[in-house]
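Let's take a walk through this protein chain together, starting with the overall layout and then stopping at a few places worth a look. Keep the structure open beside you as you read.

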Amino acid sequence: MSIANSWLDLGLDALPAERAQRVRLFRLLLVSAAQLRTALDRELAPTGITSQQGTLLQLVEAQAKPPTISDVARALDMTHQNVKQIALALQRKGFLEIVVDPLDRRARRLQLTPHHHRFWKHRNPSDFAAVESWTAGLSDDEIESAVNLLLKLRRRLGRPHLDGG
């Protein structure tokens with residue numbers, strides 16, 4: 001038994017099968033998320049952008065108007081300080097500007113730059129192809145089922161911010 005498989009089953013032998021399977025699902029989601037994040041970080045490494053920075057940029061781009069740091073922190077379930085640190089790094093790299101909200105001078109909004117738009121226009125085709133290759137072992141029906149199930153789980157967890165729900 002591999003180390004990963006022993007971890008998946010750790011402490012589950014005394015649980016009813018249905019409960020044990022829920023814990024396995026949770027553990028698989030954790031390890032899969034870590035593996036996917038590592039794979040994306042490798043893809044992005046030559047650009048100097050991390051998957052976490054890319055996620056923040058994509059979230060900002062999806063908003064109708066530039067969100068505040070607090071808005072992004074809530075949406076990503078991160079601390080205000082962590083989002084601010086990531087935003088400052090992205091500002092240094094030319095991807096966004098941190099601007100004072102004219103209606104609330106205490107708030108800071110994250111505004112994307114033309115560099116951001118050019119960067120992703122160039123990157124998206126290869127990044128989307130990488131994601132397609134990572135998920136190639138799943139059929140279109142399995143992908144649709146997985147997306148629907150994960151959206152349902154997100155709603156149950158009370159974090160619909162990223163999926164429009």
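What follows goes from the whole chain to single side chains and their surroundings.

Please keep in mind that you are looking at a predicted model. The chain has seven helices and two strands. Read from the N terminus, the order of these elements is α-α-α-α-α-β-β-α-α. If you draw a box around the C-alpha atoms along the principal axes, that box comes to roughly 60 × 35 × 30 Å. There are 165 residues in the chain, and 25% of them are buried. On the outside, the chain exposes about 11400 Å², with carbon and sulfur atoms supplying 57% of this area. Among the contacts with a separation of 6 or more, 47% are between residues 24 or more positions apart.

Let's begin with the N-terminal part of the chain. Helix α1 covers residues 3-9, and helix α2 covers residues 17-44. A salt bridge joins the side chains of D9 and R24, with an N to O distance of 2.6 Å. This pair links distant parts of the chain, since D9 belongs to helix α1 and R24 to helix α2, with their positions 15 residues apart. Both partners have some access to the surface: D9 is partly exposed because its relative accessibility is 32%, and R24 is partly exposed because its relative accessible area is 25%.

Now look at R27, which also sits in helix α2. Which side chain of opposite charge is nearest to R27, and how far away is it? The nearest is D9, at 6.4 Å. Side chains of opposite charge can pair when their charged atoms come close. A salt bridge requires a side-chain nitrogen and a carboxyl oxygen within 4 Å, so at 6.4 Å R27 is left without one, although R27 is buried. The side chain of R27 does have a polar atom 3.0 Å from the backbone oxygen of L8. Beyond its neighbours within four places in sequence, R27 is in contact with W7, L8, D9, L10 and L12.

One of those contacts, W7, takes us to the surface. W7 lies in helix α1 and is partly exposed because its relative accessibility is 35%. Together with L10, F26, L28, L30 and V31, W7 makes a nonpolar surface patch of about 560 Å². Helix α2 gives the most to this patch, contributing four residues.

From here, move along to helix α4, residues 69-76, where you will find V72. Is V72 buried or exposed? V72 is buried, because its relative accessible area is 1%. Setting aside neighbours within four places in sequence, the residues in contact with V72 are L56, L59, V60, P67, V83 and L110. You can also trace the path from V72 to K84: they are twelve residues apart in sequence, and their C-alpha atoms are 9.5 Å apart in space.

Next, let's return to charged pairs. How many salt bridges does a search of the whole structure find? The search finds five. One of them is between D101 and R109, whose closest N and O atoms are 2.6 Å apart. Both members of this pair are buried: D101 because its relative accessibility is 6%, and R109 because its relative accessibility is 16%. Another salt bridge is made by the side chains of D104 and R106, at 3.1 Å from N to O. Here D104 counts as partly exposed because its relative accessibility is 28%, while R106 counts as exposed because its value is 72%.

Our last stop is T113, in the loop between β2 (108-112) and α6 (114-134). T113 counts as buried because its relative accessibility is 10%. A polar atom of the T113 side chain lies 2.5 Å from the backbone oxygen of G94. Apart from neighbours within four places in sequence, T113 is in contact with G94, F95, L96 and E97.

Definitions and conventions
Residues numbered from 1 in each chain as written. Predicted model: local features only at pLDDT ≥ 70, side-chain atom pairs only at ≥ 80, totals over all residues. Heavy atoms only, no water. Buried < 20%, exposed > 50% of the residue type's maximum accessible area, 1.4 Å probe, protein only. Lys, Arg positive; Asp, Glu negative; His and termini not counted. Polar contact = N/O pair within 3.5 Å; in protein donor to acceptor, adjacent residues only side chain to side chain. Contact = heavy atoms within 4.5 Å. Patch = residues over 30% accessible without salt bridge, like charges linked within 9 Å, V, L, I, M, F, W, Y side chains within 5 Å. Areas by Shrake-Rupley, 256 points an atom, 1.4 Å probe, with all protein chains shown as cover.
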